[in-house]
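Here is a set of short exercises to work through with the model open beside you. Try each task before you read the solution below it.

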Amino acid sequence: MKTLIAILGLTAMLSAADGGALFQKCAACHGAKGEKAALGKSEVIAGWSSAKTFDALKGYKAGTRNTKGMGALMKGQTATLSDGDMKALADYVAGLK
């Protein structure tokens, strides 16, 4: 039983999304620490709460968010992200200072 629990725990850890790795795609526009206004248009995202970032990502993916004309671009960027990916990414952004 202990072995099964250990295997399940390891499997969960391996399948969990890595927010830092996911953010590498974002860093080109938002900066390595989320300190840039992407394309000179967006808000600086460093320090956004996890909930705010997750909601923004969900909105962009659904096509219901178009802040400062970035909707189409961000819809493409978020198209392949799962809810787990977006949560990991949002948690990572919340830790940026």
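## Warm-up: one lysine

K75 has a relative accessibility of 38%, so this lysine counts as partly exposed; the class covers values between buried, under 20% relative accessible area, and exposed, over 50%, with a 1.4 Å probe and protein chains only. Before going on, note that this is a predicted model, in which local features need pLDDT of at least 70 and side-chain atom pairs count only at pLDDT 80 or more, while totals for chains, interfaces and linings use all residues. Residues are numbered from 1 along each chain as its sequence is written, and side-chain values use heavy atoms, with hydrogens and water left out.

**Exercise 1.** Place K75 in its helix and list its contacts beyond four places in sequence.

*Solution.*
- Step 1: find the element. K75 belongs to helix α4, residues 71-78. Helices here are DSSP runs of H or I with at least four residues, strands are runs of E with at least two, and both are numbered from the N terminus.
- Step 2: look for partners. With neighbours within four places in sequence set aside, K75 is in contact with Y60, K61, A62 and G63; contact means heavy atoms within 4.5 Å.
- Step 3: check a distance. From C-alpha to C-alpha, K75 and R65 are 8.7 Å apart in space, and they are 10 residues apart in sequence.
- Step 4: turn to the buried residues of α4, which are G71, M74 and T78. They cover an arc of only 70° around the axis, so they lie on the same side of α4. The arc is taken from the directions that lead from the helix axis to the C-beta atoms.
- Step 5: ask what covers them. The cover includes α3.

## The whole chain

**Exercise 2.** Describe the fold in outline: how many helices and strands does the protein have?

*Solution.*
- Step 1: count the elements. There are five helices and zero strands, and from the N terminus on the order reads α-α-α-α-α.
- Step 2: consider burial. Of the 97 residues in the protein, 30% are buried.
- Step 3: consider contact range. Among contacts between residues at least 6 apart in sequence, 52% join residues at least 24 apart.

## Helix α2, end to end

**Exercise 3.** Which residues of α2 are buried, and which are exposed on the other side?

*Solution.*
- Step 1: list the buried residues of α2: G19, G20, F23, A27 and H30. They share one side of α2, because their arc around the axis is only 90°.
- Step 2: turn the helix around. Q24 and A28 are exposed on the other side of α2.
- Step 3: find the packing partner. The buried residues of α2 pack against α5 (83-94).
- Step 4: inspect the N-terminal end. D18 caps α2 there, with a side-chain oxygen 3.1 Å from the backbone nitrogen of G20.
- Step 5: inspect the other end. H30 sits in α2, which covers residues 19-30, and its relative accessible area of 11% is why H30 counts as buried. Beyond four places in sequence, H30 is in contact with F23, E35, K36, A38, S42 and I45. Just after α2, G31 takes a positive phi of about 90°.

## F23 and its partners

**Exercise 4.** Where does F23 stand in the largest nonpolar core, and what does its ring pair with?

*Solution.*
- Step 1: locate the core. F23 and V93 touch the most other members among the 15 residues of the largest nonpolar core. α2, α3 (50-62) and α5 each supply at least two residues of this core. Such a core is a set of buried Ala, Val, Leu, Ile, Met, Phe, Trp, Tyr and Cys residues joined through side-chain atoms within 4.5 Å.
- Step 2: compare with the general trend. In soluble globular proteins, nonpolar side chains tend to be buried together.
- Step 3: find the ring partner. The structure holds one aromatic pair. The ring centres of F23 and Y92 are 5.5 Å apart and the planes stand at 40°, so the pair is tilted. Rings of Phe, Tyr and Trp (its six-membered ring) pair if their centres lie within 6.5 Å; planes under 30 degrees apart are stacked, over 60 edge-to-face, and the rest tilted.
- Step 4: compare accessibility. F23 is buried at 1% relative accessible area, whereas Y92 is partly exposed at 30%.

How values were computed
Polar contact = N/O pair within 3.5 Å; in protein donor to acceptor, adjacent residues only side chain to side chain.
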